[in-house]
Amino acid sequence: MPTGTAATRSAVVLFRDPTRGDTYKAALQEDHQVIESIAVLEHQNLLKCSDISNIVNEHIFGKEFSAMIFTSQNAVHALNKTVNQWINEKNDSRDKVLKCDEIKVYRREMWKKLLNLPVFVVGRATGVACLSQLFEGRSRNSCDIRGEKTGKASVLLPELLEFCNACNVVDSERPKLLFFCGDQRRDTLPKGIIDSNKAEMVELTTYSTVSRDLQKVKDELLDAINRITLKLNDVGCASEFSDSAQSTSIATIWMVLFSPSGARVVVPILDKILKQGVFIQASTQISYKVVFRMAAIGHTTASELVELGIDEQSIVKAKEPNEHGVRNALACS
């Protein structure tokens, strides 16, 4: 791991929900003086209790699912929330022969049957979300979570197809996969599975992604930049040049994007800053240039930045879609 020093003269703006935890902040603050987080997206749950009831009944009374698939933490959050609502939902006309407590126990046991399936995920963060929410209370060894070392769907696909081949050998029929996805999901997995003809895939859209109010995001970004520049002054960003009135130091502010949809929100706001590239921050002793640089959590987000007009050569990509990958990418650039 890289070792941070005060001489880095840098700060990081993470365009992700700060309520998701501070693992990124904890990793990055060793190398950078200031870490800011700004939420740019909101996720709306599209699942209903009837959706959970339908998939449980399909699994128990129809052709069983062979595995579940998650490509994002948001799908896990939405599913977990709706499952809990379904388990605690009030009695309906079909269930009146059972008491409320009996219904809760029955539904919980029915849902557990799905949790006995292999769960395929894209990336460690999604796997951790599955473990802490869907498999709450169970040990890691008791859960069959696969794909945590993959960083994108295209890497998970061969592992899924290998699983399908194994199922075909054992059961002599195509397995049925249950894919919990968002409304902006990519075609990589569905198309790859369909084209292979090795499995059936049932998709359930669990959440929609919408941008936050752009003016609020812009205001929060400007406030964050102001706090960063003040802090860099406080820590003596350019103190070694203070004897020369003509000297100018450089401070880097990293803008880290975590999704294509987030990039589509942020880039228009950053457009003028990115075109300007650099500006001068006044100080009583000296001025210093603040350079803005872009970083992406992975290939898909980086590709979206390119589509939005950002020079590909200027984008730093994390090799791993986690806090360690981001930290290493920034440290090596």
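This tour moves from the whole chain to its largest nonpolar core and then to one strand, β7.

The model is predicted: local features need pLDDT of at least 70, side-chain atom pairs count only at pLDDT 80 or more, and totals for chains, interfaces and linings use all residues. Residues are numbered from 1 along each chain as its sequence is written, and side-chain values use heavy atoms, with hydrogens and water left out.

Begin with the whole chain in cartoon view, which shows 11 helices and 12 strands (DSSP runs numbered from the N terminus: helices are H or I of at least four residues, strands E of at least two). Of its 333 residues, 46% are buried (under 20% relative accessible area, 1.4 Å probe, protein chains only).

Next, select I52, M68, F70, L79, W111, C130 and F180. In the largest nonpolar core, which has 32 residues, these touch the most other members (such a core is a set of buried Ala, Val, Leu, Ile, Met, Phe, Trp, Tyr and Cys residues joined through side-chain atoms within 4.5 Å). Add α3 (73-87), one of the elements that give two or more residues to this core; α3 supplies the largest share, 7 residues.

Centre on F180. Leaving aside residues up to four places away in sequence, its contacts (heavy atoms within 4.5 Å) include I55, M68, L79 and L204.

Now display β7 (176-182), where 7 of 7 residues are buried. K176, L178, F180 and G182 point one way, and L177, F179 and C181 the other.

Finally, show the neighbouring strands, where pairing requires at least two DSSP bridges. β4 runs parallel to β7 with 4 bridges, and A67 is partnered with L177. β8 also pairs with β7 in the parallel sense, over 7 bridges; there, E203 stands opposite F179.

Note on methods:
Buried < 20%, exposed > 50% of the residue type's maximum accessible area, 1.4 Å probe, protein only.
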